[in-house]
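Me: Could you take a close look at the place where the ligand sits, and tell me what is around it? I'd also like to hear about the other hollow spaces in the protein.

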Amino acid sequence: MDHKPKQARENWGSRFGFIMAAAGSAVGLGNIWRFPYLAGENGGGAFLLIYLAFIVFIGFSIMLAEQTMGRMSQLSAVGAYKSVSPRFSFIGVLGVLTAFFIMGFYPVVGGWASAYIVKSATGLLASQEAIPGIFGAFVSGSWEPILWMLGYMAVNIIIVSGGVKDGIEKAAKVMMPLLFILLGIIAIRSITLPGAGEGLRFLFVPDWSKVDGSTVLAALGQAFFSLSLGMGCMITFGSYLGKDENLPQNASLVVGLDTTVALLAALAIFPALFAFGMEPAQGPGLVFVVVPQIFASMGGILGTLLSILFFVALTLAALTSSVSLLEVVVAYLIDQHNFDRKKATIATGIVMATVAVFASLSMGVLSDFHILGANVFDFLDILTDKIFMAIGGALLAIVVGWFVRKEDLQNEITNGGAIKFGLFNIWYFLMKFVIPVAIGIVAVLGIAAVEQTGLMIFGLGLIAVLAIFSRKL
Ligand code: PHE
C-alpha cells in the first residue's frame, strides 16, 4: 500500500480511549440481547462452542487484520480498500451498506431498551407473571415503540453530528464497567435460583443433534456482528491508532472483552430462564422478558433500582455501538462525497429512522408483510449478519492474504520489528487460506439449510452488482 494520507491523522488521546471506543462499538445489543436469544434458539451448548471457535480462529484474526489495514493506510474503510486497488473499494462500500441496513433495526431494539428504563421505574416489575405479556404488547404496538426508537435515533444524530461526543464517551467510561458489574450480579442471582442447574447444562453441555448448516451460519454471523467486523468499522478505528500501539494486544483486548460480556449475559439469562420454567427459544424478547423477571424475583426497591440501572447501562452500550454504525455511513459521505457533517448525519439519520419505523411495525401490524420470505426486521437482520458481514470478512481476508505484501503486514503488525507477534505466520495462513475457505463452506451450507434462500441469493446478487460497479463508488 503506497497510498499517502492527505493529512496527518488525529490519534487517540490514550490507549484506554481507543480500547473503550473499539470495545464500545463491539459491546452492545449484540452481546446482551442477540447472543442469548440466538443461543436459545440454536440449542445452547453446541452453538456456544461453535461461536467460541469462530471468535478464536476467525474473529480475532479479522479484528487484527482490520486494525492493521486501517493503521497502515491511515484511511477509513473505502479509502483503505481503494489504496490496495480501486477494484476493491466496493468492499468498503458494502460495509457502508451493511451499517446502513443494521441501523434499520438496531434503533428499534435501542428504543425498547430505553423504554424499559422508564417501565422499570413505573411498575414493570410489579408482577413476575405479567412481564412476558407486557413485552409482547409493547413491541407489537404501533406508536409507543416507534416514539422510543425516534428518541433513540435522535440521540445518535446529536452525538454523531458533533454535539456531545465527549459526554457520551465519559458516560460510557462509567457505564460500561457498571454494565459489567450488573451483569455479574444478575448472573450470580440467576445461578443461585432453585432449578438453575438445568440452565447451566443447557449452556455448557452441547447437544449436537440440534446443529445444522443454519446453526453454524448463525454462529458465524453472530461472531461478526458482535465484534463489529466485516464492515470496515474496525478499519476506521485502526486508522486512528498511533504507530507505536501494540496491534495484537489491542485486538485481543477488544475480542476478550466482547466475548466476556456475551458469556456473562448468557450466564445471567439461562439459569434463571430454566428456574422460571420458561422456553429457551423465545426469540428477540428473551432479555426483555427474563432479566426483568430476575429483578422482580428480588422484589422491592432493590429490584427496581437494579432494573433501572441495567436498562440505562444497556441503552448506553447500545448507543456506543449504533453511534459507530452511523459514523461509518457519515464518514463515507464526508470523505468520498464531500458532504457537510451535520447535513450528512441528519439526512442519513432520517432515512435510517424511516426504515426503522417499518422494522418496528413488523413486530405488530406489519408482521405479515414479507420481503423474500422475511418481515422487515428479519430481512435487515439476516441480510446483514448472515450475508454481508460474513462475505465482507471473507473478502477482507482475501485482500489482506493475497493482495497486500506479507512483509508490509509483518512490518505493520510488529511496529517494524519493535514488538514480537509469534503467531504471525499462523495468522497469515489463516487469512490467506483457512478463513476464505471456511466462510465459503459455512455460507454454502447455511444458505442451503436456511429457510430464506431467496433472500440469501438476493444478498449475494447485491454484492456482485456492487463489485461490478465498484469504480463508480
Ligand atoms: N457489535 C455491535 C453489537 O454487538 C453491533 C455493531 C455491528 C456495531 C457492526 C458496529 C458495527 O451490538
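Reply: Let's settle one term before anything else: a residue is near the ligand if one of its heavy atoms lies within 4 Å of it. Keep in mind too that this is a predicted model.

With that cut-off, 15 residues surround the ligand, and the closest are Ala26, Gly30, Tyr106, Phe225 and Ser228. Sorted by class, this shell has 7 nonpolar and 8 polar residues, with no charged ones. As for where they sit in the fold, α1 (15–26), α2 (29–41), α11 (213–227) and α15 (300–337) each give at least two residues to the shell.

Now for the polar contacts. Tyr106 uses its side chain: an N or O atom there is 2.5 Å from an oxygen atom of the ligand. Gly30 works through its backbone, where a polar atom is 2.8 Å from an oxygen atom of the ligand. Ser226 also brings in its backbone, with an N or O atom 3.1 Å from a nitrogen atom of the ligand. Taken alone, the ligand would expose 320 Å², and the protein buries 100% of that.

What kind of space is this, then? The ligand takes up the largest cavity, which holds about 120 Å³. This cavity is lined by 15 residues, and those closest to its centre are Ser25, Tyr106, Phe225, Ser228 and Leu325. Tyr106, Phe225 and Ser228 are also among the residues closest to the ligand. The helices α1, α2, α11 and α15 each put at least two residues into the lining, and α15 gives the most, with 3. By class, the lining comes to 7 nonpolar, 8 polar and no charged residues.

On to the other hollow spaces. A search of the whole structure turns up 4 cavities of 30 Å³ or more. The second largest of the cavities has a volume of about 90 Å³. Its lining includes Ser76, Ala77, Val78 and Gly79, along with Val96 and Thr236. Val328, Ala331, Tyr332, Asp335 and Gln336 line this cavity as well. Here α4 (77–84) and α15 each supply at least two residues, and α15 again gives the most, this time 5. So far as class goes, this lining has 6 nonpolar residues, 4 polar and 1 charged.

You may also want to look at a space of the open kind. The second largest pocket has a volume of about 470 Å³. It is lined by 21 residues, and the closest to its centre are Leu38, Glu41, Ile382, Lys386 and Gln452. Two or more lining residues come from each of α2, α11, β2 (374–375) and α17 (376–403), and the largest share, 5 residues, is from α17. The classes here are 9 nonpolar, 6 polar and 6 charged.

To tie this back to your ligand: α2 and α11 each supply at least two residues to its shell, and both also give two or more to the lining of the second largest pocket. The helix α15, for its part, gives the most to the lining of the largest cavity and the most to that of the second largest cavity.

Technical notes. Residues are numbered from 1 along each chain as its sequence is written. This is a predicted model: local features need pLDDT of at least 70, side-chain atom pairs count only at pLDDT 80 or more; totals for chains, interfaces and linings use all residues. Side-chain values use heavy atoms; hydrogens and water are left out. A polar contact is a pair of N or O atoms within 3.5 Å; within protein, one must be able to donate a hydrogen and the other to accept it, and residues adjacent in sequence count only if both atoms are side-chain atoms. Accessible areas come from the Shrake-Rupley method with a 1.4 Å probe; for residues, only the protein chains shown count as cover. On a 1 Å grid over the protein atoms alone, a cavity is a set of points where a 1.4 Å probe fits but cannot get out, and a pocket is an open set with protein on both sides within 12 Å along at least five of seven lines; lining residues have an atom within 4 Å of a point. A molecule sits in a cavity or pocket if more than half of its atoms lie within 2 Å of its grid points. Helices (H or I, at least four residues) and strands (E, at least two) are DSSP runs, numbered from the N terminus. Ala, Val, Leu, Ile, Met, Phe, Trp, Tyr, Cys and Pro count as nonpolar, Asp, Glu, Lys and Arg as charged, and the others, Gly among them, as polar. Grid points are joined across faces, edges and corners, and a volume is the space filled by probe spheres set on the points.
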